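Thank you all for coming. I would like to walk you through one model this morning, taking the strands to begin with and the helices after that.

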Amino acid sequence: MAPDDFAEFVRGRHVELLRFAYLLCGDRYLAEDLVQDALERTGMAWHRVQRQDDPEGYVRRTITNRFLNRLRALRSERLVGDPPERGYVDREPPDHALWHLLARLPRQQRAVLVLRFYLDYSEAQIAQTLGCSTGTVKSTTSRALAKLRQQLPANSQLASVEKGAS
Amino acid sequence: MTVEQQLRETLQGKTQAVTGWADPVTQIERGVRRRKRRRLAVQAVAAVTVLVTVLTVGLIQRRPAETPTNIDATVDEAVGVPHILRRSPRPDRAACPPERIMEVEWIVQSAPWGMSTGFGARLFTDQRCTLSGRPQLFGVDVATGQRVEIPFVPNVAPMDSGRVRQFPATIDGGELARVEIHGNSACPTGQSPQSYRDLSLLIGDRQLDLPDQRSLTAVCGADVSEWFVEPPMEYASLDAYLLAPKTLRRGEDFSYTVQIANRFPRKFNIQDCPVYLLGLGAQGQTWRRLSCDISSIDAHRTVRFRMTGHVPADAAVGPAKLTWIGVLPNGEVIVADMATSGYPVSITQ
């Protein structure tokens, strides 16, 4: 089976990878699926991956790419039949203004912000992870932050008023 | 505090609630072993295919490393239905609370290779959970008017081997847990068949009606499967689009193009040309293998396969969707025009 160091890698890093995937997709069960899939693929290619400088970066790139591609996967599984009469629980994360706003960003913008502000990736590293130019990373980051700034001040003020009232 | 600072704080704070798996190494190693077994099986089939080709033709063409943009693909018959890579089975979770099951639906799921039918249940929950075992089937005995349990009879009808199933059904909220029900019409000697209406399933302590007041007529019991899921396919990181005439005539050939795009900055290694299925609506045709001259698609490049299709003489006249699905040697799939579930065409006489 896999060499001992792959087992150590999985044991030691899977939690951090789960956290990263959770921030990307905002859903802990989807995060588990993404990490399981990425680690299995890494295990298949471990002899090659472990020779690179950054095996964890390889796994993160795989998680990110599978996440960005997932929308296409969901669209293809089409049900033809009576839709359910009741909706199911929305997977919105718990109350937190910025977290809510992050969840509403387009996937690419969300991914860029997570890579930048959670992993402290440079623009070049983000560009390599997402397969785009640094120019695209700059403009995506800028648009995402502008959107958050536009929507945050109202929420921040509301939070202040509530605290003051209590 | 700036938005950047808030972002850092929020992202760091959100991850504190994320906990690890109980036994991550076993979980991942199991999945890796499964993928390796599949890969060996695919390679064995490919090796047999090559051997047959060598014996028949006496020549193997080497595939060049570089990828041309336009390819006139020649088509051979497929060796068989390809193996499609699907999501790995999930570890079991706590049992799904019956009160969270919304209702049982009749599912008709179309795919280019056929239809999947059966019953499915969805959950109203944000907790992943597991539905396992076999639900009990109840119905109103038409003769007596009493609601009774319908006797379970195993192995009445073999499950459709073309479908992939994972038992038990570990599902997220909104996902389908599936069950199949077949009435047993082969009654033992001396036993009279019964008819039942208003069927329902007992899940835990909850009776859930089957939709549309379903019934079983003249049966001696029924086979109810255990709960299962049909895992989603694994998709290759490629985009695919069809270009075809908008109007197709029954019984005639037509030319079309499949564009496959690699949007990423790395070469995508496809190893060998895909097996594919061209379909019209839910009417799948035959799996075929593309004989092309590529083994990879370069970064940010698009490959166009120019191909020929055929409209069955008995195809339904009117609007239809042309579908194309390719399966790579590693089992990953490429589905053309995923966003629109196919390419719209009109079929004429």
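In strand β12 of chain B, which covers residues 206-209, the residue Asp209(B) is the bridge partner of Ser200(B). That pair belongs to the ladder between β11(B) and β12(B), two strands that run antiparallel and are joined by 4 bridges. Please bear in mind throughout that what we are looking at is a predicted model. The two strands form a hairpin in which 2 residues lie between β11(B) and β12(B), and within the turn Gly204(B) has a positive phi of about 65°.

Staying with β11(B), which spans residues 194-203 of chain B, we find that this strand also pairs in the antiparallel sense with β6(B), residues 136-141, over 5 bridges. Within that pairing, Leu137(B) has Leu201(B) in β11(B) as its bridge partner. There is also an antiparallel pairing of β11(B) with β13(B), residues 216-219, over 2 bridges, and here Tyr196(B) is partnered by Leu216(B) in β13(B).

Let me move along chain B to another strand, β26(B), which takes in residues 343-348 and pairs in the parallel sense with β16(B), residues 247-249, over 3 bridges. What stands opposite Ile347(B) in β24(B), and what is its bridge partner in β16(B)? On the β16(B) side the partner of Ile347(B) is Leu248(B), while Gly318(B) stands opposite Ile347(B) on the β24(B) side. The pairing of β26(B) with β24(B), which covers residues 318-327, is antiparallel and runs over 5 bridges, whereas the pairing with β16(B), as I said, is parallel.

Now to the helices, and to chain A. Two packed helices are described by the angle between their axes and the distance between the axes. Helix α6(A), residues 107-117, packs against helix α7(A), residues 123-130, at an angle of about 135°, and their axes are 10 Å apart. At that angle α6(A) counts as oblique to α7(A), and the crossing of the two helices is right-handed. On the α6(A) side the contact involves Ala111(A), Val112(A), Leu115(A) and Arg116(A), which meet Ile126(A), Thr129(A) and Leu130(A) of α7(A). Sorted by character, the residues of this contact comprise 5 nonpolar, 1 polar and 1 charged.

The helix α6(A) also meets a helix of the other chain, namely α1(B), residues 3-14, with the two axes coming within 10 Å and crossing at roughly 85°. Are α6(A) and α1(B) roughly parallel or roughly perpendicular to each other? Their crossing angle of roughly 85° lies in the range from 65 to 115 degrees, and the two helices are therefore roughly perpendicular. From α6(A), the residues Leu113(A), Val114(A) and Phe117(A) meet Glu4(B), Leu7(B), Arg8(B) and Leu11(B) of α1(B). This contact divides into 5 nonpolar residues, no polar ones and 2 charged ones.

Finally, a word on confidence in chain A, whose mean pLDDT is 75, with 73% of its residues reaching 70 or more. Among the elements of that chain, α6(A) has the highest mean pLDDT, at 92, and strand β1(A), residues 79-80, has the lowest, at 34. Over residues 74-95 of chain A the pLDDT is below 50, and that stretch has 41 contacts in the model beyond near neighbours in sequence. Over residues 155-166 of chain A the pLDDT is likewise below 50, and there the model shows 2 contacts beyond near neighbours in sequence.

Methods. Residues numbered from 1 in each chain as written. Chains lettered and ligands numbered in written order. Predicted model: local features only at pLDDT ≥ 70, side-chain atom pairs only at ≥ 80, totals over all residues. Pairing = 2+ DSSP bridges. Axes fitted to C-alpha atoms, helices over the stretch in contact; angles between N-to-C directions. Parallel < 35°, antiparallel > 145°, perpendicular 65-115°, else oblique. Left-handed = near helix turned anticlockwise from the far one by under 90°. Contact = placed C-beta atoms within 7 Å. Nonpolar A, V, L, I, M, F, W, Y, C, P; charged D, E, K, R; others polar. pLDDT = per-residue confidence, 0-100.
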